[in-house]
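The report that follows describes how the strands and helices of one protein model are put together. Please keep the sequence and the structure in view while reading.

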Amino acid sequence: MSRSLLFHSLRFPSSDGTDSLFPSSTTAAAAAVEGFDEAKDEAFKEEEDEVGGVKAESTAEGGGGGGEQRLRRQRGCGLPAENLELLSIPGVGPRNLRKLVDKGIGGVAELKQLYRDKFFGESTQKMVKYLQSSVGIIHKNHAESITSYIKESVDEELKDENNIKPAQKKRLTFCVEGNISVGKSTFLQRIANETLELRDLVEIVPEPIAKWQDIGPDHFNILDAFYAEPQRYAYTFQNYVFVTRVMQEKESAVGIKPLRLMERSVFSDRMVFVRAVHEANWMNEMEISIYDSWFDPVVSSLPGLIPDGFIYLRASPDTCHKRMMHRKRAEEGGVTLDYLRDLHEKHENWLFPFQSGNHGVLSVSQLPLGVDDSLHPDIKDRVFYLEGNHMHSSIQKVPALVLDCEPNIDFNKDIEAKRQYARQVAKFFEFVKRKQESSSPQPNDSEKGSSKQILMPHQGGLWMGGKGFPESALKSFDFKRAMSFMSG
C-alpha cells in the first residue's frame with residue numbers, strides 16, 4: 001500500500017458524522033490536514049506515473065478507464081488535447097510528456113515517424129540514447145519502454161501494409177550507376193529532386209556511407225580502417241557494404257512514391273569495385289571465392305535487391321577527371337586519370353554486351369539495331385537489355401537507360417536541359433511500368449539478339465566521344481583518397 005493510501009486509511013469518525021484524521025480535531029484543522037492529504041496524494045500519483053511509468057501505463061492500456069482517468073487528471077497541464085495521446089505510451093508520464101512536446105514531438109504519429117526516419121533497422125539502443133540525451137528523459141527504463149512500444153507499433157503497421165501490398169501497384173526500383181565525378185549527386189539532387197517531371201514520382205536512396213562510418217556501440221569506422229589498411233580490410237569492408245545495402249533496401253522498401261532511385265547496387269559493387277580491389281591484390285583468391293560463394297545465393301533469395309531497371313550515367317574518363325579537378329575535393333587528390341579509365345572500363349564491360357577479344361562499348365550518339373518500337377522517341381536510342389554470360393542471372397534482360405553526361409551543363413541556368421534529363425527518366429519509368437503491367441513474354445532468342453546488337457568502336461580502344469585510348473590496367477595511387485569519393 002502506498003503512503004498516500006495508508007494516510008487515507010487512518011481516519012476516524014468525527015463528532016459531526018464525517019470522517020476525520022483525528023477524533024477530536026477542530027473543523028479548521030481537519031480541513032487543513034485533509035487538504036494536505038489530497039495534495040500529497042496527487043503528488044504521489046504523479047510520481048508513480050513518472051517513476052513507475054510502465055506499471056501505470058499498463059493499467060491504462062488494460063481497460064477499466066485507467067487511461068481516461070490519467071488524461072482527465074492531466075487536463076490542467078496546459079497542453080493541447082492532441083499532445084495528451086502520448087500519455088498512452090508506457091514510460092510517458094507528465095514530465096516526459098512535457099519533454100517530448102518541448103522537443104517538437106506532439107503526438108504518437110510524430111514519434112512513430114521519428115522512429116521510421118532515424119532508427120528503423122537500427123539497434124533499439126540508438127533510440128533509447130536519443131530519448132535520453134536529446135529529449136531529456138532521465139530514466140533509461142522509461143526510454144526503453146517508449147522505444148519498445150513505438151517499435152512494436154511501427155512493426156505492426158508495416159505488417160498490415162505488407163498484407164495489403166498485393167492489392168497495391170508495385171513500385172519500381174532503378175539503380176543509378178556511374179563513374180566517380182560523372183554527376184550522380186547532381187543527377188539525384190538537381191534533376192530527380194527539383195524537376196516537376198520527377199519530384200512527385202521519385203524517392204531518392206543515397207549510398208549508406210553513414211553506416212560505414214559508425215558501427216556498433218563503439219562507433220567503429222570500417223571506411224577509415226579500409227582506407228588505412230586496404231589489404232587487411234578490403235574483404236571485411238566489401239562484406240559490410242553488401243550488408244548495409246540489404247539493410248537500406250529493407251528500410252526503404254515501404255514508400256508512397258512509385259519510383260525508388262537507389263545510388264549504386266550490389267551488382268556494381270561486385271562487378272566494378274570488388275573487381276578493382278581484387279585486381280589490386282587487396283582481396284586474395286580465397287576471399288573472392290568466399291565472397292562469390294554467398295553473393296549468388298543471398299541475392300537470389302532477396303528479390304528486393306534486384307532492380308527493375310538501371311540508369312547508367314555515362315561520360316568519358318577525361319570528362320570525369322576534369323570535373324573532379326574542377327571541384328577540387330582534397331580527398332580526391334590521389335585519384336588518377338588511369339584509375340578513372342579503369343573504373344570506366346569495368347562499368348562498360350559489365351553493362352554492355354561484348355564479343356570475345358573486343359570490349360564493345362555502346363556509343364550513345366548512335367542508334368542500336370532492333371530497338372523496342374514501344375519506346376518513346378526521347379529514349380528510343382538509349383535503352384537496351386542487360387545480357388551476357390558474365391551477367392548475374394537475376395538481372396539478365398533487365399532494361400537499362402543510358403544518359404549521356406558528357407556535356408558540361410549549368411543546371412542553374414539551363415533549365416530545359418535539366419528537364420530533358422528528367423523527361424527521359426520519366427519516359428523510361430513509364431516504359432518499364434507498362435512492360436511489367438502487360439506481363440508480356442520476354443523476347444525470343446532472335447529478337448533478343450537483334451535488340452542487343454550495338455555498333456562497335458574501332459579495334460583496340462574504348463569509346464571516348466570520338467577519341468580512342470589504349471586499355472589501361474589499375475595503376476598505383478593513393479587508395480585512401482581515391483576510394484573516399486567512389487560515391488561522388
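Two strands are said to pair if DSSP finds at least two bridges between them, and the strands (E, at least two residues) and helices (H or I, at least four residues) named here are DSSP runs numbered from the N terminus. This is a predicted model, in which local features need pLDDT of at least 70 and side-chain atom pairs count only at pLDDT 80 or more, while totals for chains, interfaces and linings use all residues. Residues are numbered from 1 along each chain as its sequence is written, and side-chain values use heavy atoms, with hydrogens and water left out.

**The sheet**

The model contains an open sheet of 6 strands in the order E4-E5-E3-E6-E8-E7, with mixed pairing. Because E4 and strand E7 (383-385) stand at the edges with a single partner strand each, one side of each is left without a neighbour in the sheet. Three of the pairings are set out below.

| Strands | Sense | Bridges | One bridge pair |
|---|---|---|---|
| E3 (residues 172-178) and E5 | parallel | 5 bridges | Cys175 and Met262 |
| E4 (residues 202-205) and E5 | parallel | 4 bridges | Ile204 and Leu261 |
| E3 and E6 (residues 309-314) | parallel | 5 bridges | Val176 and Ile311 |

Helix H9 (residues 184-191) lies across E3, E4, E5, E6 and strand E8 (399-404), and runs at about 140° to E3; such angles run from 0 to 180 degrees between N-to-C directions, with axes fitted as lines to C-alpha atoms, for helices over the stretch in contact. Helix H16 (residues 337-351) also packs on the sheet, where it touches E3, E6 and E7, and its direction makes about 145° with that of E6.

**Strand E5 and the core**

In strand E5 (residues 259-263), 5 of the 5 residues are buried, that is, under 20% relative accessible area, against over 50% for exposed and in between for partly exposed (1.4 Å probe, protein chains only). Leu259, Leu261 and Glu263 point one way from E5, whereas Arg260 and Met262 point the other way. In a regular strand the side chains alternate between the two faces of the sheet.

A nonpolar core is a set of buried Ala, Val, Leu, Ile, Met, Phe, Trp, Tyr and Cys residues joined through side-chain atoms within 4.5 Å. The largest such core has 80 residues, of which Phe187, Leu261 and Ile311 touch the most other members. A second, separate core of 25 residues includes Leu84, Val92, Leu97 and Ile150. Leaving aside residues up to four places away in sequence, the contacts (heavy atoms within 4.5 Å) of Leu261 include Phe174, Val176, Phe187, Val202, Ile204 and Ile311.

**After E5: Ser265 and helix H13**

Ser265 is found in the loop between E5 and helix H13 (266-279), and because its relative accessibility is 3%, Ser265 counts as buried. With residues up to four places away in sequence not counted, Ser265 touches Cys175, Glu177, Arg245, Phe310 and Trp350.

The axes of helix H12 (residues 230-251) and H13 come within 11 Å and cross at roughly 170°. H12 and H13 are therefore roughly antiparallel to each other, a label for angles over 145 degrees, where under 35 is roughly parallel, 65 to 115 roughly perpendicular and the rest oblique. At this contact, Ala234, Gln238, Val241, Phe242 and Arg245 in H12 meet Val266, Asp269, Val274 and Val277 in H13.
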